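Work through the exercises below with the structure open beside you. Try each task before reading its solution.

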Amino acid sequence: MRFITLLFFTGLLLTICSCRSDFETIASSGDLAFSKDTIYLDTVFTNIGSSTYSLKVYNHSKKDITIPNIQLEKGLSSKYRMTVDGMQGNSGKIFKDVTLLAKDSLYIFIETTANSADANPTDFLYTDQILFDSGTNLQKVALVTLIQDAIFLYPQRFDDGTTETLPIGDQEINGFYLNENDPINGNELLFTNQKPYVIYGYAAVPSGKTVTFEAGSRVYFHADSGLIVANNASIQVNGSTSTTNKLENEVIFEGDRLEPDFSDVPGQWGTVWLTDGSTNNTINHLTIKNATIGLLIQNNDATTVQLKNTQIYNSSNYGILAQTAKIEGENLVLNNAGQASLACSYGGNYTFTHCTFNNDWNSAQQVAVSLSNYSTGAIPETKDLTEATFNNCIIYGSYSNEMILNKKTESAFQYQFNNCLIKFDNVSNSFSNHPDYQFETDPIHYNAILLNKDPKFFSVSQNKFNIDETSSAFAKGNSAYLIPLDVIGNTRSLPPDLGAYQNKPFPK
């Protein structure tokens, strides 16, 4: 009997508890609070889904409430979609009778996939509102998204379900050849500034062809994507000096994640690869951000790669990795790479003038500049480093020694640093007697070196490497190596400053 009574009371208690919320819930009275009054979903490309954004809804009252209606103002036609406390509702657009307990909160997660045709034609904004309740209790939270129309380039999918690939040595990679007579995009070898481009897979320049990037063009690479300039093919980047902080004439390569949280994340895409035998390559006013290797330059032919006014930031491996290459670099700015901002390996011929090489990667293994005349493989091979000349440059970073020289005596290793600021602290004195690091007593390889002096960059974390008159690099350059204009078009004074920037405030 006691057992039956216990079961009766237990059942009664469960019934009361299960119904308690329904009995005590009251209708919302329009007093909800929100973590934001407007949700800005960052820029997206046409028909590419956004990241997920959150809104927190608070019930500050002492009563459990029911919100009769939570919905998108555009209803089922809205390009936004939501989940409310994990519920999908009607197609992620409309939710009925949502309970919110006293002194509690709930999460709403919002995404969008929209077309540029859905946006306002004057400002390319797509907007909607989340409506809470109705009538006199109506509350609203605005949703705003900027939609960019873009040209999408990607490998072809064949009828048998396979996807176009590119032969790289003995392997095939996901990629395609740019077509100057593409039936949809027209000339894919000419990148204009009319629309941004989004690349999936590796886009390759066919042999004998040249890909050209007009001033102001923007290219966004998806994960595991990049650009390949094949044997006997060329790249011409024709950026120019910009007059505003919109960098309207700069050519920019970066990943296709446009949210601010991804603005400085390394390794989002692959590389720009100038392969064996590429020819007549010229790059001017190009900014490369967040790649695995910014520029990979291998065994280019007898022509010299011309790199001018180029900036490369946040590469997970290398900013520039050159292997038996020929490069003439002017006004280059390289910062943050997992291994080296600049690595000239396996020999080659290099001249860099008025360049800033910095590395603040959080690792004791990184350097700003690395030179070598051999390859690292099962059987190391050597190649002549016929020239590696640095004039009026800055080589700096967060590690004690920001330059490494790796030499094999079997091949030539010719290098010279003229009027350069170099960070090489030699804390452990392990290089004190090393013949390659005698900065003050070796006039053949080192002339007018400023050792371990602070250049006082404006903001390394923001990639602003301009200096002022308090910098150790101020007016320490040799006029014999003068490049008249700096990386952003300022006229250099005499004697010039070291590095890529003349001492003028960086545009804000």
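Three exercises follow, on a buried or exposed residue, on strand pairing and on salt bridges.

The model is predicted, so local features need pLDDT of at least 70 and side-chain atom pairs count only at pLDDT 80 or more, while totals for chains, interfaces and linings use all residues. Residues are numbered from 1 along each chain as its sequence is written, and side-chain values use heavy atoms, with hydrogens and water left out.

**Exercise 1.** Decide whether Thr287 is buried or exposed, and find which side chain it joins in a polar contact.

Solution.
1. Locate the residue: Thr287 belongs to strand E24, residues 286-289. Strands (E, at least two residues) and helices (H or I, at least four) are DSSP runs, numbered from the N terminus.
2. Apply the cut-offs: buried means under 20% relative accessible area, exposed over 50%, and partly exposed in between, with a 1.4 Å probe and protein chains only. Thr287 has 7% relative accessibility, so it counts as buried.
3. Look for the partner: the side chains of Thr287 and Glu250 are joined by a polar contact of 2.7 Å. A polar contact is a pair of N or O atoms within 3.5 Å; within protein, one must be able to donate a hydrogen and the other to accept it, and residues adjacent in sequence count only if both atoms are side-chain atoms.

**Exercise 2.** State how strand E10 pairs with E3 and with E9.

Solution.
1. Two strands pair if DSSP finds at least two bridges between them.
2. E3 (residues 38-45) and E10 (residues 139-148) run parallel and are joined by six bridges. Within E10, Leu143 stands opposite Ile39.
3. E9 (residues 125-132) pairs with E10 over eight bridges in the antiparallel sense. Here Lys140 of E10 is the bridge partner of Leu131.

**Exercise 3.** Which parts of the chain does the salt bridge of Asp149 and Lys195 tie together?

Solution.
1. A salt bridge is a side-chain nitrogen of Lys or Arg within 4 Å of a carboxyl oxygen of Asp or Glu. The structure holds six salt bridges.
2. In one of them, the side chains of Asp149 and Lys195 meet at 2.9 Å, N to O.
3. Asp149 lies in the loop between E10 and E11 (151-153), and Lys195 in the loop between E14 (190-191) and E15 (197-199), so the pair ties together parts that are 46 residues apart in sequence.
4. Asp149 is partly exposed at 29% relative accessible area, and Lys195 is partly exposed at 34%.
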